[in-house]
Amino acid sequence: GGREPLRYDTPLRAATEALLASGHSAVLVAGPTGVEAEAEGPMAAGLFTENDAVRAYFEGAPRGAQRDAVGAWLGGGLARAPAAALKRLTVKASASLAEVAELMVANVLAGDLACHHVLVQGEGGGHLGVLSAMDLARLLCRPGVWTNVLPHNVKESGDPYAPRAGDEELTVDAAMKPCEAVFTAAPDASIKDALKLLLLSQQNGMLVVDGRGVRGIVTARVLARAFADGVSSSGPVATLARAAGARVVAQNEPLLHAAALMTELGREHLVVVRPGSGVIVGMLSSLDVVLCTGVRAPLPRPVPLAAGPAVGTLLAERPPATAPTCRADAMLGAAAELLLSSGRTAAVVREEDGKPLDLLCEEDIMHALVDGWPRDTTVRRWLLAQESHWTGRPTHLLIRPSAPLTEAAARLLGAGGPPGRGPCHHLVVQGSGEDGKEEWLGVFSALDVARALCRLGSELDVSRTGADQTTVASVMKRVVPHCKPESLLVQVMHVLLSSGQHCALVDDGSSDGGLLGVVTPRCAVRAFAEGASRSTRVAARLAVQPSTSAAPRRIAASARLLEAARLMAEQDLHHLVVFAGPGDAGEAAEEPGGGPLGVVSSLDLARGVASLACRVPFVSLKWLWQYRGQRSCMLQGAGSAGGA
């Protein structure tokens with residue numbers, strides 16, 4: 001549409017009202033007053049779309065507050081078409097419909113910005129208006145246009161996403177999303193759940209179904225209307241469902257007829273039924289129609305998900321950004337003192353000329369304590385001795401500061417250490433220094449993953465990890481080492497190293513499974529730094545080391561992973577002890593005496609964060625089962641029609 005742009009300071013609610021009143025699905029937002037682009041007049045701040053209203057609804061953005069004006073929304077990192085993306089969304093007024101369709105398809109494939117709209121630019125550089133997929137469907141209904149953009153003489157191919165068209169007229173069946181590709185929700189599901197579902201799947205419509213069939217359809221426009229009206233997102237989605245009514249088209253109808261029906265009704269979504277029966281077999285959107293024009297590109301099924309903040313950004317936000325450093329000729333005892341005083345779990349070992357040699361981690365101190373190495377052993381000698389045991393293994397893993405959080409988490413999980421060393425808990429961040437030369441910039445640990453999870457930019461980003469739904473009980477370690485207060489610290493450390501774990505629970509010896517505290521690698525670091533005797537008992541460590549107390553480490557089995565991440569980040573803890581919380585059911589309630597159920601570590605959280613880069617989070621099989629049914633969770637063998 002060519003309506004006047006919205007003002008930059010228009011409140012979100014008013015912007016949504018204006019969008020709905022216009023009858024369009026997107027509107028241009030003018031830049032701040034006085035800011036102009038070179039030779040193009042006033043600068044545009046971006047496009048405000050129905051999807052932005054849906055996202056604001058989900059994120060709980062206040063309606064009407066000046067600080068939440070549409071301009072601030074476009075600059076806040078959550079918008080689908082901010083100013084920085086307009087270049088990729090812009091077409092000349094002289095562009096052909098095929099070129100417009102190609103751009104929309106390219107944006108669908110990219111998956112990182114608005115794909116239902118393009119911005120039309122005049123010959124003088126000014127913006128003439130916004131063209132949507134619905135507008136394109138209207139244009140296709142004009143005489144002579146449809147036949148010029150149809151894919152003629154396209155034969156069936158092995159590509160399941162290729163437009164299915166023969167020499168004859170294209171039908172709805174060739175363009176629609178079949179039922180198994182359409183997301184659904186139960187009538188009693190919350191509006192919040194529906195918002196989350198559409199945002200995660202990047203769809204604009206869903207069906208509300210129960211045991212008797214389809215109750216209605218919910219679209220982005222309906223949700224935008226609810227946002228503008230101030231409807232609470234905690235209510236049932238059934239209250240927003242609209243009956244299919246006239247927006248029904250038969251599966252064998254010509255696609256041109258469907259486009260004409262969309263134009264007549266002013267609806268971007270139609271419900272597709274089996275001819276003569278009324279049984280719903282799928283949905284058709286205006287974008288589906290666009291994808292079946294002359295543009296030959298596969299319809300993408302995977303939805304690109306967020307990769308999280310960059311490793312370098314995370315390091316810069318944690319003071320000090322650089323890891324502690326020790327000289328290669330320093331004594332192991334002094335290195336342990338350095339780890340203790342810095343509060344870090346790893347230090348960079350450097351040669352006299354400043355060249356990095358390796359990392360010295362808490363686990364190294366554990367080995368030194370268990371194997372009886374003297375405190376005055378040089379760090380260089382220790383590192384050389386370890387290399388002789390595990391030849392051919394890189395002593396550290398490098399990652400670039402530009403690498404996303406998901407890549408760092410995946411490397412932590414996929415980098416198995418040598419025999420007796422367990423998983424990798426640290427990565428070296430390597431990049432260009434101030435002089436342009438490559439150097440070690442810092443150390444990224446598993447605890448940094450928990451910190452990063454706490455600072456994900458929005459509620460939707462957290463939802464993509466599953467951290468808002470996944471419980472601690474589903475990822476915790478249920479089998480963990482136990483010890484008694486009278487156990488030798490050296491013996492407990494040996495058990496931890498042998499089991500590949502970093503936390504042992506100290507039992508109080510009572511029949512109800514009481515817990516006195518925990519033993520972690522930090523206990524070994526403090527004991528070695530203080531020169532404690534090898535006959536030191538666990539009880540002595542608990543008495544002088546407050547951080548071993550179980551009290552600040554307690555978390556309920558029913559708590560969400562995000563809560564665990566926050567507790568780890570706030571308390572600077574790598575391990576939490578899991579107990580049954582009030583009302584916990586299932587396995588949590590079966591533990592007699594109320595003792596600990598297990599341990600959850602920062603590395604366990606990394607498994608969830610690593611899944612950000614996947615099509616679905618690591619907990620999504622249950623999510624898919626709920627919204628798409630049992631068949632969506634089955635693996636298809638090559639050339640097999642069945643699931644296993």
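**Close-up 1. Ala246 in the loop between H10 and strand E12 (248–250).** In this predicted model, Ala246 is exposed, with a relative accessible area of 53%, just past the 50% cut-off for that class. Look for its partners further along the chain: not counting residues up to four places away in sequence, Ala246 touches Leu261 and Leu265. Leu261 lies 15 residues from Ala246 in sequence, and their C-alpha atoms are 9.0 Å apart in space.

**Close-up 2. Helix H1 (residues 12–22) and its buried residues.** Here you can pick out Leu12, Ala15, Thr16, Ala18, Leu19 and Leu20, which are buried in H1. These buried residues pack against two strands, E1 (26–30) and E4 (44–49), and against the helices H2 (50–59), H3 (70–74) and H10 (220–229). Follow the chain just beyond H1 and you meet Gly23, which takes a positive phi of about 80 degrees.

**Close-up 3. Helix H15 (residues 362–371) packing with helix H20 (residues 489–499).** The axes of H15 and H20 are 9 Å apart, and the packing angle is about 125 degrees. An angle between 115 and 145 degrees counts as oblique, so H15 and H20 are oblique to each other. H15 passes H20 in a left-handed crossing. On the H15 side, the contact is made by Glu363, Met366, His367, Leu369 and Val370; from H20 come Leu489, Val490, Met493, His494, Leu496 and Leu497. By class, this contact of H15 with H20 has eight nonpolar residues, two polar ones and one charged.

Technical notes. Residues are numbered from 1 along each chain as its sequence is written. This is a predicted model: local features need pLDDT of at least 70, side-chain atom pairs count only at pLDDT 80 or more; totals for chains, interfaces and linings use all residues. Side-chain values use heavy atoms; hydrogens and water are left out. Axes are lines fitted to C-alpha atoms, for helices over the stretch in contact, and angles run from 0 to 180 degrees between N-to-C directions. Helices (H or I, at least four residues) and strands (E, at least two) are DSSP runs, numbered from the N terminus. Angles under 35 degrees count as roughly parallel, over 145 as roughly antiparallel, 65 to 115 as roughly perpendicular and the rest as oblique. A crossing is left-handed if the near helix is turned anticlockwise from the far one by less than a right angle, and right-handed if clockwise. Contact means heavy atoms within 4.5 Å. Ala, Val, Leu, Ile, Met, Phe, Trp, Tyr, Cys and Pro count as nonpolar, Asp, Glu, Lys and Arg as charged, and the others, Gly among them, as polar. Buried means under 20% relative accessible area, exposed over 50%, partly exposed in between (1.4 Å probe, protein chains only).
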